[in-house]
Amino acid sequence: MIRFFKEIYLTGFTLIVRLSRGKDVGYNVGVACGILTVIEGVNLVNICSWIDIIAGKKVMPHLSGPEVWLAIIVLFSINVSFIYTFRYGINFEREFDKLEKSRKILLKTSCAVILLATIAF
C-alpha cells in the first residue's frame, strides 16, 4: 500500500515535470517540488481541519507566520531530497513510459482524484 502511494506521489512529479516549460532539468525539478509542496501543505491543513471538526474542539495548534514558513521549507527540502538527491523521482520519470498501460492509467487517475479531493476540501 505504501508503495502505491509512493508511486502516486512520483506520478504527480512526473506529470508536473512533463508539463513544465523549462528546458533545464533543475528548473523543472524545482517547479515540480514547489507544486508538490503546495499540494502537500494544503492536504495537511485539510487533515488538521478535519481532526478539529471530528474532535468537536480545537485540537491542532495555530501556527504563526515563521512556523508556517519553516514547515514549507521543511516540506520543500524533503521533496527535493527524495526526488532529486536520492534520484527516486528522476528514475521514476524515465521509467514511467515503460510501465504497463493499465498501471499508468491507474496512477494518473489516482493522482487526479487526490488533486480533486485537495481542491474540493
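1. Glu 7 and Arg 3 both belong to helix α1, which covers residues 2-19, and they stand four residues apart, about one turn of the helix. Helices here are DSSP runs (H or I, at least four residues), strands are runs of E of at least two, and both are numbered from the N terminus. The two residues form a salt bridge whose closest N and O atoms are 3.4 Å apart. The term requires a side-chain nitrogen of Lys or Arg within 4 Å of a carboxyl oxygen of Asp or Glu. Glu 7 counts as buried because its relative accessibility is 9%, whereas Arg 3 is exposed, with a relative accessible area of 61%. Buried means under 20% relative accessible area, exposed means over 50%, and partly exposed lies in between (1.4 Å probe, protein chains only).

2. The model is predicted: local features need pLDDT of at least 70, side-chain atom pairs count only at pLDDT 80 or more, and totals for chains, interfaces and linings use all residues. Residues are numbered from 1 along each chain as its sequence is written, and side-chain values use heavy atoms, with hydrogens and water left out.

3. Glu 7 also meets the side chain of Arg 103 in a salt bridge, at 2.2 Å from N to O. This pair links distant parts of the chain, with Arg 103 in helix α5 and Glu 7 in helix α1, 96 residues apart. Arg 103 counts as partly exposed because its relative accessibility is 27%. Arg 3, Glu 7 and Arg 103 are thus linked in a network of salt bridges.

4. The whole structure holds six salt bridges. One of them joins the side chains of Asp 52 and Lys 58, at 3.6 Å from N to O. Asp 52 counts as buried, at 14% relative accessibility, while Lys 58 is exposed, with a relative accessible area of 60%.

5. As for the overall architecture, the chain has five helices and zero strands. From the N terminus on, its elements run α-α-α-α-α. The C-alpha atoms fill a box of roughly 50 × 30 × 25 Å, taken along the principal axes. Of the 121 residues in the chain, 25% are buried.

6. The aromatic residues deserve separate comment. Rings of Phe, Tyr and Trp (its six-membered ring) pair if their centres lie within 6.5 Å; planes under 30 degrees apart count as stacked, over 60 as edge-to-face and the rest as tilted. By this rule there are five aromatic pairs. In one of them, Phe 82 and Tyr 88, the ring centres are 4.9 Å apart and the planes lie at 40 degrees, so the pair is tilted. Phe 82 is partly exposed, with a relative accessible area of 22%, and Tyr 88 is partly exposed at 40% relative accessibility. Phe 92 and Phe 96 also make a tilted pair, with ring centres 5.8 Å apart and planes at 55 degrees; both of these residues are buried. Ring pairs further link Tyr 9, Phe 82, Phe 86 and Tyr 88 into a cluster.

7. Charged groups are placed over two of the rings. The criterion asks for NZ of Lys or CZ of Arg within 6 Å of the ring centre and within 35 degrees of the ring normal. Lys 6 lies over the face of Tyr 88, at 4.9 Å from the ring centre. The charged end of Arg 87 sits over the ring of Tyr 84, 6.0 Å from its centre.

8. The backbone of Arg 87 merits attention: its phi is positive, about 70 degrees, although the residue is not a glycine. Arg 87 is found in the loop between α3 (65-85) and α4 (88-95). With a relative accessible area of 32%, Arg 87 is partly exposed.

9. Ser 110 is found in helix α5, residues 101-120, and counts as buried because its relative accessibility is 15%. Its side chain reaches the backbone oxygen of Leu 106 at 2.8 Å.

10. Val 74 is found in helix α3 and counts as partly exposed, at 41% relative accessibility. The C-alpha atoms of Val 74 and Thr 37 are separated by 9.3 Å, the two residues being 37 residues apart along the chain.

Conventions:
Polar contact = N/O pair within 3.5 Å; in protein donor to acceptor, adjacent residues only side chain to side chain.
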